[in-house]
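Biologist: I should like to learn how to read packing features from a set of coordinates. Could we take them one at a time, with the general idea before the particular case?

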Amino acid sequence: MDRWINKVAVVTGASSGIGETLVKALMKKNIKVVGLARRVENMEKIKNELKNEKCAFYPIKCDLSKEEDIINAFQWIENNFQTIDILVNNAGIMTENLCLESSTENLKKIVDVNLIGPTICTREAVRIIRSNNTVGHIINIDSILGQNVAFYNSSAFDMYSPSKFALKAMSQVIEFELEHIKNSTKITTIFPGLVNTDLPPQEALKIIPYLNTDDVCDAIIYVLSTPSHVQIKELLITPVL
């Protein structure tokens, strides 16, 4: 991890769950972290908790369903840090609605946050990376539900699985495009099983084995620790039954 010391990482969904844990883990590795999330008040609390760390945490209020928010956030990052070295597309939303009964607005919102938002973030990050003639690492936090659709209780979780299946494809598209433009930035897709956060149905955590946020963050740190000539394209993480 030494090559990332004093570098800049951008983490979406940084106000709670995996994002919050990752912010703390990266800062302990002496990495500057910019957090993007809607709940900026939560990020301010995290910032206060981390005020004694060597590197700082920079919270930015950003709704990933709004392109203007994303563009403004990355413009701020470019103006203040010039470059980006790590992007972790972690933010995501889920509902227990039925697609058959869901509103069009809700269907679009899930796709916007889980797929379109990460794609715009990736586009903007790579634009900044290319302008500095550097290389970085993009990590997309997908889901085991992006490999197999599951039906729990009375729901298949609306457009969550379709958006996560598409996120995997987006990663592959970006991988080919990075190769095409001759940029050695890596891209990794991580597929966690059920994680103990506020995203999944809370009753599921009482009966189904789950991962902790630290488990996922340990995997992210491992991926970032690989030598420059090694690329982990996909990583599936599940709890032991």
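Modeller: Let us begin with a single residue: at a relative accessibility of 2%, cysteine 217 counts as buried. Please bear in mind that this is a predicted model.

Biologist: How many disulfides does a search of the whole structure find?

Modeller: The general idea is that a disulfide requires two cysteine sulfur atoms within 2.5 Å. A search of the whole structure finds zero such bonds. Cysteine 217 is in no disulfide, and the nearest cysteine sulfur, that of cysteine 55, is 17 Å away.

Biologist: Which cysteine sulfur is closest to that of cysteine 62, and why is there no bond?

Modeller: The closest is the sulfur of cysteine 121, at 6.2 Å, which is too far for a bond. Cysteine 62 is itself buried, with a relative accessible area of 2%.

Biologist: How should one read the packing of two helices?

Modeller: Two packed helices are described by the distance between their axes and by the angle between those axes. In this structure, helix α1 (residues 17-28) and helix α6 (residues 213-225) have axes that come within 9 Å and cross at roughly 50 degrees. That angle makes α1 oblique to α6. The crossing in which α1 passes α6 is right-handed.

Biologist: Which residues make the contact between α1 and α6?

Modeller: From α1, the contact is made by Gly17, Ile18, Thr21, Leu22 and Leu26. From α6, the participants include Val216, Cys217, Ile220, Ile221 and Leu224. The buried cysteine 217 is thus a residue we have already met.

Biologist: Are α4 and α5 roughly parallel or roughly antiparallel to each other?

Modeller: Angles under 35 degrees count as roughly parallel. The axes of helix α4 (residues 104-131) and helix α5 (residues 160-180) cross at roughly 15 degrees and come within 8 Å; the two helices are therefore roughly parallel to each other. Their crossing is right-handed. Among the contacting residues are Ile110, Val111, Leu115 and Val126 of α4, together with Leu167, Met170, Ile174 and Leu178 of α5.

Biologist: Let us turn to aromatic rings. How many aromatic pairs does a search of the whole structure find?

Modeller: The geometry to read is the distance between ring centres and the angle between planes, with an angle over 60 degrees counting as edge-to-face. The search of the whole structure finds three pairs. One of them joins tyrosine 58 and phenylalanine 81 edge-to-face, at 5.0 Å centre to centre and with 70 degrees between the planes. Tyrosine 58 lies in strand β3 (residues 57-61) and phenylalanine 81 in helix α3 (residues 67-81), so this pair ties together parts that are 23 residues apart in sequence.

Modeller: Tryptophan 76 and phenylalanine 81 also form an edge-to-face pair, at 5.8 Å centre to centre and with 75 degrees between the planes. Tyr58, Trp76 and Phe81 form one aromatic cluster. Within that cluster, phenylalanine 81 is buried at 17%, whereas tyrosine 58 is partly exposed at 26% and tryptophan 76 is partly exposed at 32%.

Biologist: Where does serine 65 lie, and which residues is it in contact with beyond its neighbours within four places in sequence?

Modeller: Serine 65 lies in the loop between β3 and α3 and is partly exposed, at 22% relative accessibility. Leaving aside neighbours within four places in sequence, serine 65 is in contact with Lys109, Asp112 and Val113. Serine 103 is 38 residues from serine 65 in sequence, with a C-alpha to C-alpha distance of 16 Å.

Conventions: Residues numbered from 1 in each chain as written. Predicted model: local features only at pLDDT ≥ 70, side-chain atom pairs only at ≥ 80, totals over all residues. Heavy atoms only, no water. Phe/Tyr/Trp six-rings, centres within 6.5 Å; stacked < 30°, edge-to-face > 60°. Helix = DSSP H or I, 4+ residues; strand = E, 2+ residues; numbered from the N terminus. Buried < 20%, exposed > 50% of the residue type's maximum accessible area, 1.4 Å probe, protein only. Axes fitted to C-alpha atoms, helices over the stretch in contact; angles between N-to-C directions. Parallel < 35°, antiparallel > 145°, perpendicular 65-115°, else oblique. Left-handed = near helix turned anticlockwise from the far one by under 90°. Contact = heavy atoms within 4.5 Å.
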